[in-house]
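This report introduces a single protein chain to a reader who has not met it before. The sequence and the model are shown first, and the description follows.

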Amino acid sequence: MVKMFSYGSNMSLARLHVNDRAPSATIVGIAHIKWFILKFNKIGKSFSKGNSGKANIEETGNENDIVWGVIYEITGDEKDQLDIVEKGYHISNLVFTSATGVVSAYTYIANVDAIDNNLAPFDWYKKYVVDGAEENGLPEDYVDKIRAIEVKNNL
């Protein structure tokens, strides 16, 4: 089994199970990483609706910045599948802090050429992120920050 850290739409088990993205996914618990912030600046393309922002984390150099998310386990084959699906991201192995201590896990970080800081997420995409944060019990003040992010309506 492979440990993954998700801070975006993959925090939602429903999202992970859509189209068999990672049907074996089981939640290990919540965790966080300091020195990073959550942004919705990874370019997501919709041919009919234009670009939207997908979740991304960026290192800031500020120890007060923090990203919360979910550690889950999947099979190695499913990780390979997710690597293909998560276009525009590269995989990084980072160390996260959980209630039980430090955890080494893989996470996706947007490639530099796939970032546009002028984007907003589609409403349905942000809903996956908020739903995943709520269902996994991330800190309420952190979830409120996600709720406050402006969206692009998916008309």
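Is Trp 35 buried, partly exposed or exposed? The model is a predicted one, and in it Trp 35 has a relative accessibility of 38%. Buried residues lie under 20% and exposed ones over 50%, so Trp 35 counts as partly exposed. Trp 35 sits in the loop between strand E2 (26-34) and strand E3 (36-46). Its phi is near 75°, a positive value in a residue other than glycine. Most residues other than glycine have a negative phi.

**Overall architecture**

The protein chain contains 4 helices and 7 strands. Read from the N terminus, these elements follow the order β-α-β-β-β-β-α-β-β-α-α. The radius of gyration of the protein chain is 15 Å, close to the 15 Å that the globule rule gives for 155 residues, so the chain is as compact as a globular protein of that length. The C-alpha trace spans about 40 × 35 × 30 Å along its principal axes.

Contacts that bridge long stretches of sequence are well represented: of those between residues at least 6 apart in sequence, 71% join residues at least 24 apart. Of the 155 residues in the protein chain, 44% are buried. The accessible surface comes to about 8000 Å², and carbon and sulfur atoms account for 51% of that area. The protein chain carries 16 positive and 21 negative charges, and the mean positions of the two sets are 5 Å apart.

**The nonpolar core**

In soluble globular proteins, nonpolar side chains tend to be buried together. Here, the largest nonpolar core has 38 residues. Phe 5, Tyr 7, Leu 38, Val 67, Leu 138 and Ile 146 are the ones that touch the most other members. Strand E5 (residues 66-74) gives the most to this core, with 6 residues.

Leu 138 illustrates how distant parts of the sequence meet. Leaving aside residues up to four places away in sequence, Leu 138 touches Met 11, Ile 30, Trp 68, Gly 69, Val 70, Ala 133 and Val 143.

**Helix and loop positions**

Gly 132 belongs to helix H3 (residues 123-135). With a relative accessibility of 0%, Gly 132 counts as buried. Beyond residues up to four places away in sequence, Gly 132 touches Met 11 and Ser 12. Met 11 is also among the contacts of Leu 138.

Leu 13 lies in helix H1 (residues 13-17). Its relative accessible area is 25%, and Leu 13 is therefore partly exposed. Apart from neighbours within four places in sequence, Leu 13 is in contact with Ala 25, Ile 27 and Glu 135.

Ile 115 is found in the loop between strand E7 (101-110) and H3. A relative accessible area of 27% makes Ile 115 partly exposed. Not counting residues up to four places away in sequence, Ile 115 touches Asn 41, Ile 43, Asn 56, Glu 58 and Ala 110.

Gly 76 is part of helix H2 (residues 76-85). At 33% relative accessibility, Gly 76 counts as partly exposed.

**Separations along the chain and in space**

The table sets separation along the chain beside the C-alpha to C-alpha distance for four pairs of residues.

| Residue pair | Separation along the chain | C-alpha distance |
|---|---|---|
| Leu 13 and Pro 23 | 10 residues | 8.7 Å |
| Ile 115 and Thr 75 | 40 residues | 29 Å |
| Gly 76 and Trp 124 | 48 residues | 29 Å |
| Gly 132 and Asp 65 | 67 residues | 20 Å |

How far apart are the C-alpha atoms of Gly 132 and Asp 65? They are separated by 20 Å, with their places 67 residues apart along the chain. For Gly 76 and Trp 124, a sequence separation of 48 residues goes with a distance of 29 Å.

Technical notes
Residues numbered from 1 in each chain as written. Predicted model: local features only at pLDDT ≥ 70, side-chain atom pairs only at ≥ 80, totals over all residues. Heavy atoms only, no water. Core = buried A, V, L, I, M, F, W, Y, C linked by side-chain atoms within 4.5 Å. Buried < 20%, exposed > 50% of the residue type's maximum accessible area, 1.4 Å probe, protein only. Helix = DSSP H or I, 4+ residues; strand = E, 2+ residues; numbered from the N terminus. Contact = heavy atoms within 4.5 Å. Rg over C-alpha atoms; globule rule 2.2 N^0.38 Å. Areas by Shrake-Rupley, 256 points an atom, 1.4 Å probe, with all protein chains shown as cover. Lys, Arg positive; Asp, Glu negative; His and termini not counted. Charge placed at Lys NZ, Arg CZ, Asp CG, Glu CD.
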